[in-house]
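Subject: Structure handover and notes on what was found

Dear colleague,

I am passing on the structure we spoke about, together with some notes on what turned up in it. Please have the model open while you read the notes that follow.

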Amino acid sequence: MTSTGSAAEAVSEVCCVGTAGASDPNGIADLGWRFWNLFEHLAETDASTAIRLLGAFLARGLRRAATAGHGHPFNSGHLSASPGSHVGAVLAEAVERAPAAVLEHVLPFVIAVAKASHADHADGPAMHPRWARPPLLINLELDEALYSAVHDALRALAQRHPSSVVKAVELLASSVGRALSFLACRTYAVWNRLDEALAWLTNDVERSTRGEAALAIGSLLRATDAIVQQLLPMLSRLAQDLIMAVRACAAEAVTALMHHAPEAALELTDALFTGVPVDSHEARTSHILLTQALLRDTERFAPELNRALVGPELAARHAGVSWAVLAMRGRLIPCLPTNSAVLTLAARRGAAEAAANDPTHRASLLPEMFHDGDATVRKAAAHSTLNVASLPPGIADDLIGSFLSRSAFFEHPETLARGLAGSTLRLPSQAIEACRALSVFFAQASKDGRRGYALIQKYLIEVVLRLYLQGDPAIRVQCLNIIDDLYRVDARGLNNALSGER
């Protein structure tokens with residue numbers, strides 16, 4: 001079947017799948033896992049069609065939320081913010097291949113949700129609406145992944161095909177609310193229209209808040225060093241603004257300043273964090289600035305990190321990321337915690353997220369996190385196996401070995417299965433042990449009647465066949481044994497896969 005035909009059937013299913021019963025009014029339990037399985041399969045071969053399918057799914061959520069009297073489906077529950085363990089990663093890969101499809105099919109949804117959320121919080125603090133703080137780019141929830149996808153697509157197209165984003169940027173720049181204004185600021189900076197960006201910043205500051213001005217300065221500093229001196233006085237005032245939300249926005253610009261005038265940036269960092277409540281570290285921009293400052297002058301900013309590590313949940317999670325960055329680079333000093341076990345739960349989760357996303361230094365932290373006492377920490381650590389096949393062989397084998405022997409494997413085997421299947425490189429030597437463990441897991445899941453493991457089965461078949469082709473006689477015997485086990489549980493797609501290899 002062609003991808004177009006498949007997509008037509010998929011869209012029909014997404015838009016028409018039954019109305020849920022009273023016990024499941026949102027249809028998430030049934031439709032959700034089937035949709036995301038379908039989306040992942042399609043995204044691997046046809047990103048544009050997958051994103052078109054996603055657009056139909058999101059539009060369906062908007063319609064159902066509106067019918068129920070809600071502004072958008074994340075608040076109403078018609079869309080789950082946590083649909084799966086790696087939807088954000090799959091979507092990010094699809095954006096790289098089909099940014100134009102994202103603007104056509106996902107941007108309208110993001111605009112609708114941002115406007116509805118802004119209206120819902122019109123009388124509250126400016127940082128309360130959805131996406132008022134740009135998302136932390138690790139272990140993304142669905143709403144964060146969608147916003148980041150639009151952000152990345154806008155900036156990619158602004159550089160490759162500038163005329164294709166004209167209408168979108170005009171719409172975003174004229175919108176109210178931080179979420180949409182931030183997208184406009186970020187796009188202006190890479191659009192080769194710095195004069196327009198600067199004019200928008202300085203000639204309109206009636207419509208733009210001070211926070212939006214700070215975000216625009218950050219975008220301009222990332223694009224050029226030609227106007228640093230012009231922007232520095234304004235940035236200095238914004239970094240010491242009495243409103244904490246403005247300082248959070250200024251933190252992004254100070255981070256950008258690090259690349260042009262590091263000493264001035266460190267002085268502004270000191271000023272920005274002086275006298276502010278610890279929950280200021282809930283902002284992603286403040287977190288990134290603190291991390292960069294710690295890497296440049298650990299001793300100077302260690303007290304601020306210690307303060308954030310025991311702060312509110314989100315602040316501590318961000319601080320955990322910063323702590324892990326230092327730990328993985330051997331930059332911890334005596335006044336900082338030396339072991340993740342002594343961190344708070346939120347800080348451990350952040351540390352696990354950072355370790356899972358570091359390509360070379362993570363092995364020193366992850367084994368302990370794979371059997372952490374908290375499920376969210378184990379889940380975050382499990383994401384490290386998504387790119388296991390691209391790691392140096394020794395590191396890959398150590399990571400697989402430690403993962404297989406700990407509880408995170410039995411909760412999230414799909415991450416390892418996908419990580420091994422997703423690479424065209426020679427598989428690490430521990431891949432055969434991974435396949436044996438996955439085969440046992442799948443057999444038990446089939447025996448127990450558990451659903452949702454079709455992707456593990458698909459990935460396992462792919463990896464076993466690749467191992468058979470690249471392996472020595474002993475490895476091939478083990479592969480044949482695994483294939484026999486898959487036959488016993490009637491693994492879907494096995495016969496077709498074997499026929500393709502004959």
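Which residues does Thr385 touch, not counting residues up to four places away in sequence? Before the reply, please keep in mind that this is a predicted model. Thr385 touches Leu399, Phe403, Thr415, Leu416 and Gly419 when residues up to four places away in sequence are left out of the count. Thr385 itself lies in the loop between H21 and helix H22 (393-404), and at 0% relative accessibility it counts as buried. Its side chain also reaches the backbone oxygen of Ala382, at 2.9 Å.

A second threonine, Thr187, can be described in a similar way. Thr187 is found in helix H10 (residues 178-189) and is buried, with a relative accessible area of 0%. A polar atom of the Thr187 side chain lies 2.7 Å from the backbone oxygen of Leu183. If residues up to four places away in sequence are not counted, Thr187 touches Leu154, Arg155, Ala158, Val165 and Val169.

That brings me to the helices. H10 is mostly covered, since 12 of its 12 residues are buried, and among them are Arg178, Ser181, Arg186 and Tyr188. At 1.5 Å a residue, the 12 residues of H10 should span 16 Å, and the 16 Å between its end C-alpha atoms agrees with that. For helix H12 (residues 210-223), the 14 residues should span 20 Å at 1.5 Å a residue, and here too the end C-alpha atoms agree, being 20 Å apart. Of the 14 residues of H12, 11 are buried, so this helix is largely enclosed by the rest of the structure; the buried residues of H12 include Gly211, Glu212, Ser219 and Leu221.

Turning to the nonpolar residues, the largest nonpolar core has 145 residues, of which Leu54, Val106, Leu146, Leu221, Met369, Leu416 and Leu420 touch the most other members. Helix H8 (residues 142-160) gives the most to this core, with 10 residues. As a general background remark, nonpolar side chains tend to be buried together in soluble globular proteins. Leu146 is in contact with Leu54, Leu58, Phe74, Leu91, Val106, Phe109 and Val110, leaving aside its neighbours within four places in sequence. Two of the names met earlier return here, because Leu416, which Thr385 touches, and Leu221, which is buried in H12, are both among the core residues that touch the most other members.

How many salt bridges does the structure hold? There are 12 salt bridges in the structure, and I describe some of them below.

In one salt bridge, the side chains of Asp372 and Arg348 meet at 2.7 Å, N to O. Asp372 lies in the loop between helix H20 (366-370) and helix H21 (375-382), whereas Arg348 lies in helix H19 (residues 345-356), so the pair ties together parts that are 24 residues apart in sequence. Both Asp372 and Arg348 are buried.

Another salt bridge joins Glu411 and Arg378, with the closest N and O atoms 2.7 Å apart. This pair links distant parts of the chain, for Glu411 is in helix H23 (residues 407-411) and Arg378 is in helix H21, 33 residues apart. Glu411 is partly exposed, with a relative accessible area of 35%, whereas Arg378 is buried, with a relative accessible area of 12%.

Within a single helix, the side chains of Arg436 and Glu433 meet in a salt bridge at 3.3 Å, N to O. Arg436 and Glu433 both lie in helix H25 (residues 431-448), three residues apart, which is about one turn of the helix. An α-helix has 3.6 residues a turn, so residues three or four places apart point the same way. Arg436 counts as partly exposed at 41% relative accessibility, and Glu433 is likewise partly exposed, with a relative accessible area of 30%. Salt bridges also link Glu40, Glu93 and Arg418 in a network.

Finally, a word on the cysteines: with a cut-off of 2.5 Å between cysteine sulfur atoms, the count comes to zero disulfides. Cys249 is buried, with a relative accessible area of 4%, while Cys335 is partly exposed, with a relative accessible area of 46%.

With best wishes

Terms used:
Residues numbered from 1 in each chain as written. Predicted model: local features only at pLDDT ≥ 70, side-chain atom pairs only at ≥ 80, totals over all residues. Heavy atoms only, no water. Salt bridge = Lys/Arg side-chain N within 4 Å of Asp/Glu carboxyl O. Helix = DSSP H or I, 4+ residues; strand = E, 2+ residues; numbered from the N terminus. Buried < 20%, exposed > 50% of the residue type's maximum accessible area, 1.4 Å probe, protein only. Core = buried A, V, L, I, M, F, W, Y, C linked by side-chain atoms within 4.5 Å. Contact = heavy atoms within 4.5 Å. Polar contact = N/O pair within 3.5 Å; in protein donor to acceptor, adjacent residues only side chain to side chain. Expected span 1.5 Å × (residues − 1).
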